Amino acid sequence: MKTKIKFTRKRLNYNLFFGLAWLTLGILKLVMDTTIDEIDYVWFAIAGLSIGTYFYEYMNQYLTIEGGIISKSYPFGNKIKLREIKHIKKIAGDYILKTDRNELTINTQIIDKNSLSELNEILGQLDLPSEKTPFVSS
């Protein structure tokens, strides 16, 4: 079963809003100015990056949990096997999942509230000693 941990709507809308704002500024610059310089295309490049980020994050979301593997949905994002997690630390709202070889930091501030409770449930079900996890297993 595939579980997606979603970004907050605020984060997604932020990227979309700024992308559209940069696009609008670029169009206004082209319409109001008779000469077009190379630097004017920067407006469109920034707009494209912001809108592209919005669509990428909207389609892929923040984390994917599938087949016992948790991974960040970024190009070249980290991924670790849930069964290899040895320790979970909660520092300033972030979760740091540690294995013997690597670690994965999860920023909980950018996770949708419903998805965060789902993530907490999944991480709480891991078979870890109580001193190695901030979650209470049922």
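**Exercise 1. Is Asp-40 buried or exposed, and what is its relative accessible area?**

Solution. Before starting, note that this is a predicted model, in which local features need pLDDT of at least 70 and side-chain atom pairs count only at pLDDT 80 or more, while totals for chains, interfaces and linings use all residues. Residues are numbered from 1 along each chain as its sequence is written, and side-chain values use heavy atoms, with hydrogens and water left out.

Step one is to apply the cut-offs: buried means under 20% relative accessible area, exposed means over 50%, and partly exposed lies in between, with a 1.4 Å probe and protein chains only. Asp-40 has a relative accessible area of 4%, and is therefore buried.

Step two is to place the residue, and Asp-40 turns out to sit in the loop between α1 and α2. Leaving aside residues up to four places away in sequence, Asp-40 touches Lys-29 and Thr-35, where a contact means heavy atoms within 4.5 Å.

**Exercise 2. Describe the protein as a whole, from its elements to its overall dimensions.**

Solution. Begin with the secondary structure, which comes to 3 helices and 7 strands; helices (H or I, at least four residues) and strands (E, at least two) are DSSP runs, numbered from the N terminus. Read from the N terminus on, the order of the elements is β-α-α-β-β-β-β-β-β-α. The radius of gyration, taken over C-alpha atoms, is to be compared with a globule rule of 2.2 Å times the number of residues to the power 0.38. The protein has a radius of gyration of 20 Å, well over the 14 Å that the rule gives for 138 residues, so it is more spread out than a compact globule.

Next, take the C-alpha trace, which spans about 70 × 30 × 30 Å along its principal axes. Of the 138 residues, 33% count as buried. Finally, among contacts between residues at least 6 apart in sequence, 54% join residues at least 24 apart.

**Exercise 3. Find the aromatic pairs and describe the one formed by Trp-22 and Trp-43.**

Solution. Rings of Phe, Tyr and Trp (its six-membered ring) pair if their centres lie within 6.5 Å, and planes under 30 degrees apart count as stacked, over 60 as edge-to-face and the rest as tilted. A search of the whole structure with this rule finds 7 aromatic pairs. For Trp-22 and Trp-43, the ring centres are 5.3 Å apart and the planes stand at 45 degrees, so this pair is tilted. Because Trp-22 lies in helix α1 (residues 9–32) and Trp-43 in helix α2 (residues 41–60), the pair ties together parts that are 21 residues apart in sequence.

Then check the exposure of each partner: Trp-22 is partly exposed at a relative accessible area of 29%, and Trp-43 is partly exposed at 26%. Elsewhere, ring pairs link Phe-7, Tyr-62 and Tyr-74 into a cluster.

**Exercise 4. Examine Gln-61 and Ala-92, whose backbone angles deserve attention.**

Solution. The general background is that most residues other than glycine have a negative phi. Gln-61 has a positive phi, near 65 degrees, and its place is in the loop between α2 and β2 (63–66). With 8% relative accessibility, Gln-61 counts as buried.

Ala-92 also needs a look, since its phi is positive too, near 50 degrees. Ala-92 belongs to the loop between β5 (87–91) and β6 (94–98), and with a relative accessible area of 75% it is exposed.

**Exercise 5. Trace the surroundings of Gly-93, Thr-133 and Asp-127.**

Solution. Start with Gly-93, which is found in the loop between β5 and β6 and counts as buried at 18% relative accessibility. Not counting residues up to four places away in sequence, Gly-93 touches Ile-106, Thr-108 and Gln-109. From C-alpha to C-alpha, Gly-93 and Gln-109 are 7.1 Å apart in space, although 16 residues separate them in sequence.

Continue with Thr-133, which lies in the segment after α3 (113–124) and is buried at 12% relative accessibility. With residues up to four places away in sequence left out, Thr-133 touches Ile-88 and Leu-128.

End with Asp-127, whose place is in the segment after α3 and which is exposed, with a relative accessible area of 80%. The C-alpha atoms of Asp-127 and Lys-86 are separated by 9.2 Å, with their places 41 residues apart along the chain.
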